[in-house]
Amino acid sequence: MNDLPDPAAVGRLAAHAVVAEAKGFDHVDTWVFDLDNTLYPASAGLFSLIDAKMTAFIAGRYGIDGLSARALQKYYYRTYGTTLRGLMTEDALDPHAFLAFVHDIDHSVLTPAPDLAAAIARLPGRRFVLTNGSRRHAENVAAKLGLLELFEDVFDIAAASFVPKPDQSAYQTFLDLHGVEPRRAAMFEDLSKNLVAPHALGMRTVLVTPKAGEPDLGERLTAADDDRRGPHVDHVTDDLTGFLSALALVAAE
């Protein structure tokens, strides 16, 4: 039996360690993770199922065809930050009905992520999920990935009084509710625009992107406010597991 570590894996971890050490996470005692397309890769296609359900909800609500519903959905998303916020603002929608419908999906596209679970478990301090989705959806996803028991709490859109990221008040409500000092916290997100407010509040920020060549099936924008090179992005990684494992290596040195 060969107990030697895989050289390629060691090299990847070393590279991540260099990046992780660049600005340091030694002061961080609270770790905050977005859910969709962050704790699992966008290429898994789960959010595409939710996206399709949102289009179907709008089509049914207004009696319009799929293409028109899709256009209206994206208008709401880009104008208000989320489709739900747009529907609530312009049509006084009951958010609970919408969330129940769009999150009624098949989670079988997700598989357990034991390496990610081990990496998160090694993070010192408190761990949270902060999502624009519902608690039920977040718990279903985290449970499927084998991560649920690692988080102290899920802060969902209802806890934010249905004010979504990237609005700074959503983050401030989370920080106040859980007594989190932002300058001792790190935020992991797949959307750069959702890191602007955390960075302004003093949080360390990490943008999680698809690996090279992987399809990006999420809601990542191409507008200037979602530029991964922006000053509000402290780190960029296409390997969340490797990045978190590297943090543990740096901390052990």
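The legends below describe close-up views of a predicted model.

**Figure 1. Overview of the predicted protein model.** The protein has 253 residues, and 50% of them count as buried. Its secondary structure consists of 10 helices and six strands. Among contacts with a separation of 6 or more, 72% are made by residues 24 or more positions apart. The accessible surface is about 11,700 Å², and carbon and sulfur atoms account for 55% of that area.

**Figure 2. The largest pocket and its lining.** Rolling a probe the size of a water molecule over the atoms shows where empty space is left. The volume of the largest pocket is about 440 Å³. Its lining is made up of 28 residues, and those nearest the centre are Thr-38, Leu-39, Tyr-40, Pro-41 and Thr-241. Two elements, helix H6 (114-121) and helix H10 (240-252), give two or more residues each to this lining. H6 gives the most, with three residues. By residue class, the lining of the largest pocket holds 15 nonpolar, six polar and seven charged residues.

**Figure 3. Pro-114 of helix H6 and Thr-241.** Pro-114 is part of helix H6. Pro-114 counts as exposed because its relative accessibility is 55%, above the 50% cut-off. The C-alpha atoms of Pro-114 and Thr-241 are 9.7 Å apart in space, while the two residues are 127 positions apart in sequence. Thr-241 is also one of the residues nearest the centre of the largest pocket.

**Figure 4. The largest cavity.** A search of the whole structure for cavities of 30 Å³ or more finds one. The largest cavity has a volume of about 410 Å³. It is lined by 27 residues, with Asp-36, Phe-47, Thr-82, Asn-132 and Gly-133 closest to its centre. Helix H2 (46-62), helix H4 (83-91) and helix H5 (95-102) are the elements that give two or more residues to the lining. The lining residues of the largest cavity divide into 10 nonpolar, 10 polar and seven charged.

**Figure 5. The buried face of helix H7.** Helix H7 spans residues 135-145, and its buried residues are His-137, Ala-138, Val-141, Ala-142 and Leu-145. Viewed down the helix axis, the buried residues of H7 fall within an arc of 125 degrees, so they line one face. An α-helix has 3.6 residues a turn, so residues three or four places apart point the same way. The cover over the buried residues of H7 includes H2 and strand S3 (153-155). Gly-146, just after H7, has a positive phi of about 80 degrees.

**Figure 6. Backbone features in the loop between S3 and helix H8.** Most residues other than glycine have a negative phi, and most peptide bonds are trans. Lys-165 and Pro-166 are joined by a cis peptide bond, with omega about 15 degrees. Pro-166 sits in the loop between S3 and helix H8 (168-178). Ser-161 is found in the loop between S3 and H8, and its phi is positive, near 55 degrees. With a relative accessible area of 56%, Ser-161 is exposed.

**Figure 7. Ala-92 in the loop between H4 and H5.** Ala-92 lies in the loop between helices H4 and H5. Its phi is near 50 degrees, a positive value in a residue other than glycine. Ala-92 has a relative accessibility of 68% and therefore counts as exposed.

Methods. Residues are numbered from 1 along each chain as its sequence is written. This is a predicted model: local features need pLDDT of at least 70, side-chain atom pairs count only at pLDDT 80 or more; totals for chains, interfaces and linings use all residues. Side-chain values use heavy atoms; hydrogens and water are left out. On a 1 Å grid over the protein atoms alone, a cavity is a set of points where a 1.4 Å probe fits but cannot get out, and a pocket is an open set with protein on both sides within 12 Å along at least five of seven lines; lining residues have an atom within 4 Å of a point. Grid points are joined across faces, edges and corners, and a volume is the space filled by probe spheres set on the points. Helices (H or I, at least four residues) and strands (E, at least two) are DSSP runs, numbered from the N terminus. Ala, Val, Leu, Ile, Met, Phe, Trp, Tyr, Cys and Pro count as nonpolar, Asp, Glu, Lys and Arg as charged, and the others, Gly among them, as polar. Buried means under 20% relative accessible area, exposed over 50%, partly exposed in between (1.4 Å probe, protein chains only). Contact means heavy atoms within 4.5 Å. Accessible areas come from the Shrake-Rupley method with a 1.4 Å probe; for residues, only the protein chains shown count as cover. The arc is that of the directions from the helix axis to the C-beta atoms.
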